[in-house]
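User: Could you take a close look at one part of this model for me? Start with the contact, then walk me through whatever else helps to place it.

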Amino acid sequence: MILNDLPDYFLVDLPPEATLTPTVVSDACETLKRNRRQYLVDRPTETLLRTLGLVAEKWLDREYPIRQIAMEHGEQMSGFPRYNIEKGLDSLFRGITQEALNHLILQDLGHVRRIDHPTSGDAETRTGRKSFAVGPELIAHVTGGVIPNPVITSMVLGLLARSAQFIKCARKTSFLPRLFAHSIYETDPKLGACLEIAEWVGGDDQLETPLFRAADCVTAMGSDQTIEALETRLPKQTRFIPYGHRVSFSYVTKAGLEDCNPRVLAEQIVDDVVQWNQNGCLSPHVVYVEKGTTPSPDRLAQLIADEFVRRETSEPRGSISDREAATIANRRRLYEIRAANSQDTLIWKSRDSTEWTVVFDNEPRFQQSCANRFLYVKAVDALEDALGGADEMIGKVSCVGLCASLHEAQKTVERLARWGVTRVCPIGKMQHPSIAWRHDGRLSLGELMTWTDWEL
Amino acid sequence: MEPLLRLNSFAEHLGSLIDSAADRSFADADISDECFEGLALELFRLQVAANPCYRRLIEYSQVDPILVASWREIPCVPTAAFKELDMTSLPEDSRPYVFRSSGTTQSNRGKHFHFDASLALYEKSLLAWFRHHVIRGLGNDSSLCIMTPSARSVPESSLVHMFDVVRRAGGFRSAEFYGDVSIDGGWGLPVERLVLALGEWCRAGVPVLLVGTAFNFVQLLDCLTERGERLVLPNGSRLLETGGYKGRTRELAKGDLYREICVALGVSSDQIVSEYGMSELSSQAYDHCIGTDLDASVPRRFRFTPWSRGLVVSPETGLEVGLGETGLIQVFDLANVWSVMAIQTEDLGVRHRDGIELLGRAELAEAKGCSLMPKL
């Protein structure tokens, strides 16, 4: 199967010369709502999960034609190297099983049948109630980037909520979500009929007004400015679920470093950086390392640099834009001159390219990386130094990759949580959240639902 | 001889070269490539000896100054380094003047230190190239209108200092600053007063040399639009625009800005010259000489002084890009005698045979949640 063999089913499949109009968008929304009433709203959880599990299984099969299209054209269409797409999608689809989706519903809604009919959990039985969770009629997803996983996850959550979904992708970002939509359609056309996917430049009032009028829930991913601007354009009663600018970092405690093999730790750190070229909200910008043990923080930085050298051949970064490369070149030069004039800074970098850069710094201030394998390693005395250094990012940190010994891990997580971190995971796993992950600290399925309490 | 004394005598020699090139109106190969090469390598070695921060960079980079064979190989200092290090050969007690780059706080503004001799060389350098591109052929009955605050109110702005040097050099019927500084230090432009003055010069038929930042021009255009007015500047009028909005309200692409200026002020686009400069440099580049034909079908190209060179390098390899290719702009400015001659800017440009096409800042790539935008 090649790209052109996909059936013209979604708006995004139309040839480039076809122009979207407000009527096309509002008609599509009406069709979606009708199809939801007919094919989705009464579908039992069990059969829905079976279908979604089946779709995920297909994606994990290397011979699956739609997966092959993703792998063949993914690099060109998304800008990410093939191994990024492969690892990213495999990790995502391995997590979409009937069992995992059951756990997600149980976790977020307290009962696996909660969306099928009114049910009672323990507490409800004791208080003489049943309750029923109802999803939005039509969700409009406004996606912001080229990383496919959050978009595909949103689509799965929307289906679990029994909502019709219109996925509005930013220009040139629809490729992988589009293939996922086709895999749903191919597996179960009636389910596919409850999805629409289109692509236009964000902020187009003509097309977005009918969409936002028709949707009772809008999710959005993007920069804080995009999200702020979008919110002002929504009708007041519309449920709005924003996912704004987030960053991540890693933290290595002294005891954690003593307990692990530092070379393996360096590999895991690089795994987190390499996936999605360090451009996602789960990508670490900084690795904080506690001082006072062996290897020292700067020695760990050196090991990370050694690992980047190995990846140059096994997992090369690929080309980046002139602007991105220029930013790296300028930052490198600045840190070189700092390193030349201060013993607190060290820098390692690839030769004759901007492929990777590691900057070691004794100063704990959090520094946003310019991405594309540009990593800061910062030495600190204790967690409080790192959190103090990152205070400008409070509320903006998505994930902390943690390397700590067992006895101190819980206390560290408690401190991170109170500071505002919403996800902590082992280093090396930052890019692979569970499908049940509470994205930005909120219930991802639960947030879509509206509850009806039935007092018996 | 002491390194500083050697820099002083280098500056004297360069000053006389600038004078003689300007006297000949840059007509012939005033500073040949060979001559530039020799001077650049000499200055590089002097600066390694005299400028401690730069010397440490050279040592750290394991570059042997003696083995550097071409000015293109001279290690550059990024403009950002001026923010945190004292990039100067001048002793701490001999830096009476400083130009600061734009920025919101003192700590994130670059510092370029000067003393009397460096200021004199800066003035000689800027005036020669400014006259050649902007003033040549302008009658001495014209009026200079400067849209920035005065040099007295913003003494640390190299741009304003430049305009002040032009003003003091004379040759105008009148010359005045029209901008002011607000309590928070921001630059303002009381546009009404400027519009009144321009209206008067128009009625009197006095050619105007109107200079300012791109943002100044936007302010002027907005005011004229609000008043529903258009001006037709008298024949022979000239405009100098220099980049920079500094995050102000309305930004316009350069082509759009020029089109709007032409309509609102009744000038043609070849009467507008664009300047490229920065506080870390002592020489500027211009995109054409007013009065010469400008090929409107191609993007404007900036040319540096004969005593400075712009180089477009690949950010990947650091080597000069091919013709028509994009890269980072480096400037090698011999008039930066007491600081650092080799500067790496944060701007992207396209290398052309006849100059550099400016593409603007290489913005820092910012990860925006999961919103990495594709390369369009």
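Analyst: **The chain contact and its surroundings**

The contact draws 45 residues from chain A and 36 residues from chain B. On the chain B side, the elements that each supply at least two residues are α3 (52-60), β1 (77-78), β13 (326-333) and β14 (342-352). Helix α3(B) is the top contributor there, with 5 residues. Sort the chain B side by class and you get 21 nonpolar, 7 polar and 8 charged residues. Keep in mind that all of this comes from a predicted model.

Now for the cores. The largest nonpolar core has 164 residues, and the members that touch the most others are Ile304(A), Val377(A) and Val77(B). Helix α15 (residues 322-341) of chain A gives this core its largest share, 9 residues. Take Ile304(A) as a way in: setting aside neighbours within four places in sequence, its contacts are Ala266(A), Ile269(A), Val270(A), Val358(A), Leu375(A) and Val377(A). So one of the partners of Ile304(A) is Val377(A), itself among the three best-connected members of the core. Apart from all that there's a second, separate core of 78 residues, with Leu48(A), Leu138(A), Ala198(A) and Ile435(A) among its members.

Chain A is also split by a domain assignment, into domain 1 (3-245) and domain 2 (247-426). Their C-alpha centres sit 33 Å apart. Where the two domains touch, 8 residues of domain 1 meet 7 residues of domain 2. The domain 1 side of that patch consists of 4 nonpolar, 3 polar and 1 charged residues.

For a helix pair, look at α3 (residues 65-78) and α4 (residues 82-94) of chain A: they pack at about 115 degrees, and their axes are 8 Å apart. The crossing of α3(A) and α4(A) is right-handed. Helix α3(A) brings Ala70(A), Met71(A), Gly74(A), Glu75(A) and Ser78(A) to the contact, while α4(A) brings Arg82(A), Ile85(A), Glu86(A) and Leu89(A). By class, that makes 4 nonpolar, 2 polar and 3 charged residues. Elsewhere in chain A, Leu54(A) belongs to helix α2 (residues 45-60). Leu54(A) counts as partly exposed because 14 other C-beta atoms lie within 10 Å, a number between the 12 or fewer of an exposed residue and the 20 or more of a buried one. Along the chain, Leu54(A) and Ile184(A) are 130 residues apart, yet 9.5 Å separates their C-alpha atoms.

Next, a loop with two buried residues. Asn277(A) is in the loop between α13 (262-274) and β8 (284-290) of chain A, and so is Gln278(A). Asn277(A) is classed as buried because 22 C-beta neighbours fall inside 10 Å. Gln278(A) is buried too, with 25 such neighbours. If you don't count residues up to four places away in sequence, Asn277(A) touches Phe80(A), Asn84(A), Arg317(A), Ala371(A) and Asn372(A). For a sense of distance, Asn102(A) is 175 residues from Asn277(A) in sequence, and their C-alpha atoms are 32 Å apart in space.

The backbone of Gln278(A) is worth a glance as well. Most residues other than glycine have a negative phi, and most peptide bonds are trans. Gln278(A) isn't a glycine, but its phi is positive, at about 65 degrees. Over in chain B, Ser25(B) does something similar, with a positive phi of about 55 degrees. Ser25(B) sits in the loop between α1 (3-23) and α2 (33-50) of chain B. Whereas Gln278(A) is buried, Ser25(B) is exposed because only 12 other C-beta atoms are within 10 Å.

Last stop is a cis peptide bond: Thr294(A) and Pro295(A) are joined by one, with omega about 0 degrees. Pro295(A) lies in the loop between β8 and α14 (297-314) of chain A, and Thr294(A) is found in that loop as well. With 10 C-beta neighbours inside 10 Å, Thr294(A) counts as exposed. Thr294(A) and Leu257(A) are 37 residues apart in sequence, and 7.8 Å apart from C-alpha to C-alpha.

How values were computed: Residues are numbered from 1 along each chain as its sequence is written. Chains are lettered from A and ligands numbered from 1 in the order in which they are written. This is a predicted model: local features need pLDDT of at least 70, side-chain atom pairs count only at pLDDT 80 or more; totals for chains, interfaces and linings use all residues. Helices (H or I, at least four residues) and strands (E, at least two) are DSSP runs, numbered from the N terminus. Domain bounds come from an automatic or database domain assignment. Ala, Val, Leu, Ile, Met, Phe, Trp, Tyr, Cys and Pro count as nonpolar, Asp, Glu, Lys and Arg as charged, and the others, Gly among them, as polar. Axes are lines fitted to C-alpha atoms, for helices over the stretch in contact, and angles run from 0 to 180 degrees between N-to-C directions. A crossing is left-handed if the near helix is turned anticlockwise from the far one by less than a right angle, and right-handed if clockwise. A nonpolar core is a set of buried Ala, Val, Leu, Ile, Met, Phe, Trp, Tyr and Cys residues joined through C-beta atoms within 7 Å.
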